[in-house]
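This report addresses the ligand environment, the nonpolar core and the overall dimensions of one protein model.

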Amino acid sequence: MTDTSADLVILGGGSGGYACAFRAAELGLSVILVEKDKLGGTCLHRGCIPTKALLHAAEVADSAREADQFGVKTAFEGIDIDGVNKYKDGIIAGLYKGLQGLAKAHKVTMVEGAGTLVDAKTVEVNGTRYTGKNLVLATGSYSKTLPGLELGGRVIASEQALNLDHIPNKVVVLGGGVIGVEFASVWRSFGAEVTVVEALPHLVPNEDEFISKRLERAFRKRGIKFKTGVKFTGATQTDSGVSVSLENGETHDADLLLVAVGRGPNTAGHGFEAAGVQMERGFVPTDERLRTNLPGVYAVGDIVPGLQLAHRGFQQGIFIAEDIAGLNPQPIDESGIPRVTYCHPEVASVGLSEAAAKEQYGSVETFTYDLAGNGKSQILKTQGAVKLVRATDGPVVGLHLVGDRVGELIGEAQLIYNWEALPEDVAPLVHAHPSQTEALGEAHLALAGKPLHVHG
Ligand SMILES: Cc1cc2nc3c(=O)[nH]c(=O)nc-3n(C[C@H](O)[C@H](O)[C@H](O)COP(=O)(O)OP(=O)(O)OC[C@H]3O[C@@H](n4cnc5c(N)ncnc54)[C@H](O)[C@@H]3O)c2cc1C
């Protein structure tokens with residue numbers, strides 16, 4: 001017989017929901033976790049993990065194709081998409097199994113089915129009511145489209161793009177944000193002709209403009225086409241293709257149109273409004289302690305306005321569990337959440353862009369270290385840069401990176417930002433040679449007034 005009451009009832013078993021469940025269980029709370037599909041949610045089954053597996057396969061393809069420049073003889077014969085999908089699905093299956101084991105080990109009561117919020121203490125699933133002293137809403141997000149653009153056939157969203165049984169010859173990607181540029185990168189490496197359409201002036205428009213421009217330069221070199229600052233006006237499908245029109249009068253014909261224009265909160269049809277949860281454009285606003293307007297009801301992850309990232313969901317889930325358990329955790333600084341776009345080359349950042357820092361601090365200093373001066377980056381044959389922003393005479397408030405593998409540098413970058421380090425604090429720390437972390441070290445040395453491998 002399944003328990004029907006607990007300290008905590010969580011609606012949705014994605015990154016935010018399951019992290020909250022596991023931490024609460026560790027703290028001795030009883031937890032019921034309601035999930036209508038698969039534990040792990042978007043990130044594991046339709047998001048972070050499968051996209052990164054595709055991106056790794058893409059990197060292997062590029063390495064095979066370009067091995068000559070390292071003096072290695074290979075013959076690139078092509079992509080076996082069934083093999084790629086098998087590799088990707090194998091990773092997901094392994095992690096899914098591990099996650100199910102963790103839920104069991106934490107003694108979380110799993111309830112399968114779609115839950116509806118009844119009131120601030122009750123969720124109903126298939127006619128059974130589950131009550132909690134506290135509730136957490138963690139229902140995640142869905143792929144949005146534009147008005148008048150229906151998904152279906154050759155017009156696809158990321159869910160379909162992850163499971164194609166073929167490689168398109170020609171693709172148009174609508175949206176130059178994280179998801180759009182990651183798929184553009186994969187398909188280009190797999191041999192497709194790719195055009196990205198972005199209404200804002202730059203690709204990855206949420207990043208510091210310098211980084212966007214460097215990514216655009218790299219994409220241009222890779223033969224990834226992009227149209228920025230231009231709006232999409234319509235798409236028509238035929239049996240053989242899709243024709244995409246832009247407001248500048250251009251049309252682009254392709255096999256597929258990937259719609260990557262952002263993710264909407266999955267909050268409709270779960271009883272939220274009827275139960276009295278305050279909503280804003282479909283999102284569930286919270287205070288800095290992630291409390292909704294209903295006492296004892298929290299919200300976590302993609303339904304809470306802000307960055308839609310798995311590790312934000314993890315951290316918010318942990319925060320809620322600790323808050324309920326009375327540990328009084330520190331509220332999360334949204335700017336301190338690291339952001340990585342795993343295209344080739346990668347983009348990574350934490351903290352404020354130069355423009356946002358100027359707005360906040362009035363006066364800032366910046367330093368940009370080009371990876372041309374970094375030995376390891378030369379060995380890898382990657383180009384890129386590290387840009388630092390500091391409040392004048394104050395801490396480093398923004399770190400922005402572009403180049404292959406720079407996503408791995410964000411661990412150090414986020415410590416620098418979140419510990420409010422001065423460049424002078426970082427300068428004496430030794431970075432292993434030759435490594436790409438040296439680029440971070442060199443940039444801080446320069447900003448602290450003692451540049452080492454820096455020209456003029
Ligand atoms: C293509 C793609 C790539 C991404 N790549 C990255 C990345 O590299 N790094 C990163 O940090 N983030 C990435 N993300 C974002 C990341 O996946 C999300 O931020 C994260 O999954 C949000 O977690 P969540 O818990 O809010 O929601 P979700 O993971 O969406 O989980 C919500 C869960 O709730 C369940 N549910 C919904 N309604 C109900 C109901 N009524 N009853 C019961 N269950 C319900 C759903 O089935 C789902 O399992 C990516 C997303 C996409 C789409």
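Ala, Val, Leu, Ile, Met, Phe, Trp, Tyr, Cys and Pro are counted as nonpolar, Asp, Glu, Lys and Arg as charged, and the others, including Gly, as polar. On this basis the shell around the ligand divides as follows.

| Class | Residues in the shell |
|---|---|
| Nonpolar | nine residues |
| Polar | 21 residues |
| Charged | six residues |

The model is predicted: local features require pLDDT of at least 70 and side-chain atom pairs pLDDT 80 or more, while totals for chains, interfaces and linings use all residues. Residue numbers start from 1 along each chain as its sequence is written.

A residue is near the ligand if its C-beta atom, placed from the backbone, lies within 6 Å of it. Of the 36 residues around the ligand, Gly 12, Gly 14, Gly 41, Gly 140 and Gly 301 come nearest. Two or more shell residues come from each of H1 (15–26), S2 (31–35), H2 (41–46), H3 (48–65) and H8 (310–324). Helix H2 contributes the most, with four residues.

The protein has 13 helices and 22 strands, taken from DSSP as runs of H or I (at least four residues) and E (at least two), numbered from the N terminus.

Buried residues, with 20 or more other C-beta atoms within 10 Å of their own, make up 46% of the 456 residues. The largest nonpolar core (buried Ala, Val, Leu, Ile, Met, Phe, Trp, Tyr and Cys joined through C-beta atoms within 7 Å) has 127 residues. Ile 10, Val 136, Leu 257 and Leu 258 have the most contacts inside this core.

The C-alpha trace spans about 65 × 60 × 45 Å along its principal axes.

Note on methods:
A residue is buried if 20 or more other C-beta atoms lie within 10 Å of its own, exposed if 12 or fewer, and partly exposed in between; C-beta atoms are placed from the backbone.
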